[in-house]
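User: I'd like to go through this model and check the labels people put on it. Could you take my questions one at a time?

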Amino acid sequence: MFCFLRPVRRLCLEKVSPRWFFCSRAFSGAEAVNALRPFYFAVHPDFFGQHPKEREVNENSLQKLSVYLENLQKPGSKSLKPTQLTFYVRETDQNSSDGQEPFSTLGFRAVKFTLHTRDLLSTVLYILNSCSLSVEHVQSLNSNVRPQPPKEAKRMSDRPIKWDKSYYSFTGFRDPDEDLEHVSKMETTLTSWLGSNGKRAIKKLENSLPLRKELDRLKDELSHQLQLSDIRWQRSWGLAHRCSQLHSLGRLAQQNLETLKNAKGCTVIFTDRSGISAVGHVMLGTMDVHHHWTKLFERLPSYFDLQRRLMLLENQISHLLGDIQVVYIEELQPVLTLDEYYSLLDVFYKRLLKNRVPFHPQSLRGLQMILNSDRYAPSLHELGHFNIPTLCDPANLKWFILTRAQQARENMKRKDELKVIEDELIQASTKKFSLEKFYKEPSVSSKQMVDCCKRLLGQSLPYLQGMHLCVSHFYSVMQDGDLCIPWNWKNGEAIK
């Protein structure tokens, strides 16, 4: 009876989507990646090196997006659960003039959207449109687009068709307005999410156990063989990826054992680029070949000499500023190499000497400061340390530090007290829920973690027994079975 409605429905959709959307072949995964290049360029974490929090958010959202795109390409993936994403989008040529939200003075803005699409092409278009990026290049990527629109499209009215609710009742089609309304109102709660995802996480965790044992074995063997202090990873790579990196390092150790022993006592970090970090860790770029790694290990003795000169420079700055301690905090500062950090300190030190402002000896002992090249004015962090720009005027710097020294001490005391409470609550939560592992992402503050744990301890959550639980900013089941929950999770009836 209602079979004539199907082609009309198609006309309605063509009115709101590009005409080539319906006459092109299925979008492939490779084409989706190519189409999203402007998006990746605008949100890639490597461009947020000086903004650790934003970098972390983009890394997490890209992981969730990758899983969503992967699932779209699997058979029977027509009813994926809506996925909420947050990205910090850099100002680029494509989005500099028509962003949906104003850019901050730092050159980026936050964009939030929920994926509820059912195919790759519509997903790509939705992402680009959400970030105010052009979609014109997507047409050229789809090679079977016909030069002329379908004949029936030429007879379309300029006015979009608004179907009555009875149309969807009779035909069984989903009302797009209701879908969007449902997504906008939906807010995941902790118990409902754990109930829906607990079994899937357990299965992934069980499947990952052999890899976890292999990772521990490789890490212990290499740490002992090279006499390393620790082996770490900058990013949340999966277990298989981490094992592969350790195997690569192991093969290099078999070929150049004496050279690699130059790292005795060091911490090795697998990261995006090779070098020595500002705190002296050996950074192995995962995209670099073994030759680059070997050269790095060969040059370690000269880096150790630079590190000693760096410590001397820190002491000289500290002496000029009333014995305030100059520190580098990995979680809060951009990833800098030892050379880059030394240059930063050297510029600041020469500026202090040129415009010397006397501080009373030891007047600032016990306080801390970090240097930043991207700040224009000094500030006091809630954790108690001072954020000082490299080109700060020394006279203004003295006034700023001295007037806020007492507040800085109070902040540091509160930070230490909060850390003790945080550790106690982590232990209590681990014990109550019989967790195998309980940890947080670096972007989650101690205050946020304390709030999260206090509320968790008031819940009954049998799903968590034996699990790996990570406190983050979003819900997710990681590829190896770790459960991620937002620190500000909600329970009970969802409220918009």
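What follows is a question-and-answer pass over the labels used for this structure.

User: What kind of model is this, and how many helices and strands does the chain have?
Analyst: It's a predicted model. The secondary structure of the chain comes to 17 helices and 14 strands. Of its 496 residues, 44% count as buried. About 27200 Å² of the chain is exposed, with carbon and sulfur atoms supplying 51% of that. As for contacts with a separation of 6 or more, 67% are between residues 24 or more positions apart.

User: Why is the pair of F113 and Y126 called edge-to-face?
Analyst: Two values settle it. The ring centres are 6.0 Å apart, and rings pair if their centres lie within 6.5 Å. The planes of F113 and Y126 stand at 85 degrees, and anything over 60 counts as edge-to-face. So the pair earns the label edge-to-face. By this rule there are ten aromatic pairs.

User: What does the pair of F113 and Y126 tie together?
Analyst: F113 belongs to strand β2 (residues 108–115) and Y126 to helix α5 (residues 120–130), so the pair ties together parts 13 residues apart in sequence. Both rings are also in one aromatic cluster with F39, Y40 and F87.

User: Are F113 and Y126 buried or exposed, and how do you know?
Analyst: The cut-off for buried is under 20% relative accessible area, and exposed needs over 50%. F113 has 5%, so it counts as buried. Y126 has 28%, which lies in between, so it counts as partly exposed.

User: And what makes F386 and F400 an edge-to-face pair?
Analyst: Here the centres are 6.1 Å apart and the planes are at 75 degrees, so this pair passes the 6.5 Å limit and the 60 degree one. The pair links distant parts of the chain, with F386 in strand β10 (residues 386–389) and F400 in helix α16 (residues 394–432), 14 residues apart. F386 and F400 are both buried.

User: Why is β2 described as largely enclosed?
Analyst: Six of its eight residues are buried, so the rest of the structure largely encloses β2. Strand β1 (residues 83–90) pairs with β2 in the antiparallel sense over eight bridges. In that pairing V89 is opposite R109 of β2.

User: How do you know that R455 sits over the ring of W489?
Analyst: The charged end of R455 is 4.2 Å from the ring centre, and the limit is 6 Å, along with a condition of being within 35 degrees of the ring normal. R309 gets a similar description: R309 lies over the face of Y342, at 5.4 Å from the ring centre.

User: What makes β11 and β13 edge strands?
Analyst: They belong to an open sheet of four strands, in the order β11-β12-β14-β13, with mixed pairing. β11 (437–440) and β13 (476–477) each have a single partner strand, so one side of each is left without a neighbour in the sheet. Two bridges join β13 to β14 (residues 483–486), and these strands run antiparallel. Pairing takes at least two bridges, so β13 and β14 qualify. S476 stands opposite C484 there.

User: Which strands are at the edges of the sheet ordered β3-β4-β6-β5?
Analyst: That sheet is also open, has four strands and shows mixed pairing. β3 and β5 (275–276) are at its edges with a single partner each, so each has one side without a neighbour in the sheet. Inside the order, four bridges join β4 to β6, which run parallel, and V268 stands opposite V282 in β6.

User: How do you know that the length of α11 is close to what's expected?
Analyst: Helix α11 (residues 239–255) has 17 residues and spans 25 Å from its first C-alpha to its last, against 24 Å expected at 1.5 Å a residue. Its buried residues include L239, C243, L246 and L249. What covers the buried residues of α11 includes α10 (190–226), β4 (267–271) and α13 (290–298).

User: What makes the phi of Q227 stand out?
Analyst: Most residues other than glycine have a negative phi. Phi of Q227 is near 55 degrees, a positive value in a non-glycine residue. Q227 lies in the loop between α10 and β3 and is partly exposed at 39%. S434 also has a positive phi, about 50 degrees, without being a glycine; S434 is in the loop between α16 and β11.

Conventions:
Residues numbered from 1 in each chain as written. Predicted model: local features only at pLDDT ≥ 70, side-chain atom pairs only at ≥ 80, totals over all residues. Heavy atoms only, no water. Phe/Tyr/Trp six-rings, centres within 6.5 Å; stacked < 30°, edge-to-face > 60°. Buried < 20%, exposed > 50% of the residue type's maximum accessible area, 1.4 Å probe, protein only. Expected span 1.5 Å × (residues − 1). Contact = heavy atoms within 4.5 Å. Areas by Shrake-Rupley, 256 points an atom, 1.4 Å probe, with all protein chains shown as cover.
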